[in-house]
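Student: I've got a model open and want to check the vocabulary against it. Can we go through some terms together?

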Amino acid sequence: MSHPEIESVLHEDRVFEPPTEFASKARIKSLDEYNQLYEKAKANPEQFWAELAESELHWFKKWDTVLDWQPPFAKWFVGGKINISYNCLDRHLSTERRDKTALIWEGEPGDSCTFTYAELHAEVCQFANALKQLGVGKGDVVGIYMPMIPEAAIALLACARIGAPHTVVFGGFSAEALRDRLVDGKAKAVITADGGFRKDKAVPLKVAVDKALENDGAPTVEKVLVVQRTKEAVTMVPDRDYWWHELQPTLSTECEAEQMDSEDMLFILYTSGSTGKPKGVVHTTGGYNLYTHMTTQWIFDIQDDDVYWCGADVGWITGHSYIVYGPLSNGATVLMYEGAPRPSKPDCFWELIAKYKVSIFYTAPTAIRAFIKMGDHLPQKHDLSSLRLLGTVGEPINPEAWMWYHRVIGNEKCPIVDTWWQTETGGVMITALPGAIATKPGSATKPFPGILADIVDHDGNPVGENEGGFLVIRYPWPSMMRTVYGDPNRFRRTYWEHIPPKDGEYVYFAGDGARRDEDGYFWVMGRVDDVINVSGHRLGSMEIESALVSHPAVAEAAVVGRPDDLKGEDIFAFITLEGEYEASDELKVELKKHVTGEIGAIARPGDIRFSDALPKTRSGKIMRRLLRSLAAGQEVSGDTSTLEDRSVLDKLREGA
């Protein structure tokens, strides 16, 4: 389905230059330096990536061809031999990083541990040897269904070490969702735990694996490796299920890294479709290793003394790229946390930053809005002075949430990198480089060097300055997804033919609407599915939400279109309020007036519904598709396996 341009109406003119002291020590120190890198990459992308691949990574054998591009299918560093686990671990062991802390882990109940690079290498080798002992070899797919414990990261690296592609299923998914992914990926083994801790309770996991596998539900699965975390009673099936703590003492701490072809599959990661079965996004080895390595280095400005914390779960692409592979490939010190802010410890994030002197913090706008709602007094109780860089990921950030993050968490001294990317892109595509690019609240700023981003209409023609359109990428990049697992036609159709190819040029369509301003800054306006057509005006839901959130009463807003006989669509807003405010008809009137003042009468919501919470995926994204069904009075359908809390949906229904 094609869409014409999206009107862009939110005006934001605050600009924050990189702090002089930060820029002076940064890896990329100025706008001139960024521009030179960008132009060099644009002029000869293959040479740009080849030089970085040679200087930044370890290869067992150099490639024959940098890029083989048969649109829409790409192969990078063809013929090269590499291992991402080797690049994350082994190559640091002959340097002073051998005894540097690689991983700091804290469990929700307060237990903790650390691993140096040498210790992490030993653990990964043992885990890899356990997989081999269970009959897993190169090319065998391994399902991983884990809590946020060190063994989750270790499992990824162990699979990569022996050339067994992993498919991580987030630990909050149901047994049915797990089964669907194990079946589609033809997994040979599953790595899980008895359970994990989240929000002050033990969350069982092994029981869901048992349910997924019962009655031959996933017939290709032969073995299950179980890590003991909660010590809850679980059923162990003889000759299928094995305890990690029983196997570990018998295993060698040496395991040679398999020499993988650059294009060998590294992992499958499932992303929800709005209808039908989830899509298995396939990523391969060499290009993904290079791109996550470079984006981590330049965007997060990783220095040897940093303590870096990405608050995502290993189960999402953010966890793959920016907890495990990107940071460890750079020899960084990474913090992992099992828990989440909860009534018994709402300030746990700020406590951890103070405790471990975290210098780089990367989280989602959804989390930031929740922090705002909890109150400034919580972060202000803790010493956050170690922070030097902040980042956001997952969806566009409202300018007001950006300003709070800048002021309260960053103490007005930390640059903010607002990163736009997707499971499919493998790594960050549009972002500020913090020492080089001035930031504007709500804008992802500029494309990463080597990324040729554009904004086009539905025929593929570039649109003008400050005109809304479709965000596309015009040239292949190393970490791009290679296909949809088992369904190359779906890959071609979904990502490469939505905007019709012109003169043989295929462009990657991201599914997002965006505009580019007079400074060349990109403003992502949300999923194209979230465009609302009011009397012929096409409005991005993101901008109306930003206007609503800028009112002091509003903690969070989700805006969808509702069918309307007169206007085509009317604007329907779902809103959660700040603690001291109460829902009332007077407040509805006030909020409608506020949006009119911020944007104009065309964007005034026709209806507002107050709610204690909004339906979100377990990665924190608001499920607007479900809200559209509710607003239209329709039955909610499609894939709801990623929904975190079904009761939120039921309450919204009752409030209709």
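Tutor: Sure. Strand 24 and strand 25 (residues 522–527) pair in the antiparallel sense over 4 bridges. This is a predicted model, where local features need pLDDT of at least 70, side-chain atom pairs count only at pLDDT 80 or more, and totals for chains, interfaces and linings use all residues. Residues are numbered from 1 along each chain as its sequence is written, and side-chain values use heavy atoms, with hydrogens and water left out.

Student: What makes strand 24 and strand 25 a pair?

Tutor: Two strands pair if DSSP finds at least two bridges between them. Here there are 4 bridges, so they count as paired. In one of them, R515 has W523 of strand 25 as its partner. The hairpin has 5 residues between the strands, and G520 there takes a positive phi near 80°.

Student: Which strand pairs with strand 24 over 4 bridges at residues 469–473?

Tutor: Strand 22, again in the antiparallel sense. G469 stands opposite A514 in strand 24.

Student: Why is strand 24 called mostly covered?

Tutor: Buried means under 20% relative accessible area (exposed is over 50%, partly exposed in between; 1.4 Å probe, protein chains only). In strand 24 (residues 508–516), 8 of 9 residues are buried, so "mostly covered" fits.

Student: And what makes the crossing of helix 5 and helix 6 right-handed?

Tutor: A crossing is right-handed if the near helix is turned clockwise from the far one by less than a right angle, and left-handed if anticlockwise. Helix 5 (residues 117–133) and helix 6 (residues 150–162) have axes that cross at roughly 65° and come within 8 Å. Helix 5 passes helix 6 in the right-handed sense.

Note on methods. Helix = DSSP H or I, 4+ residues; strand = E, 2+ residues; numbered from the N terminus. Axes fitted to C-alpha atoms, helices over the stretch in contact; angles between N-to-C directions.
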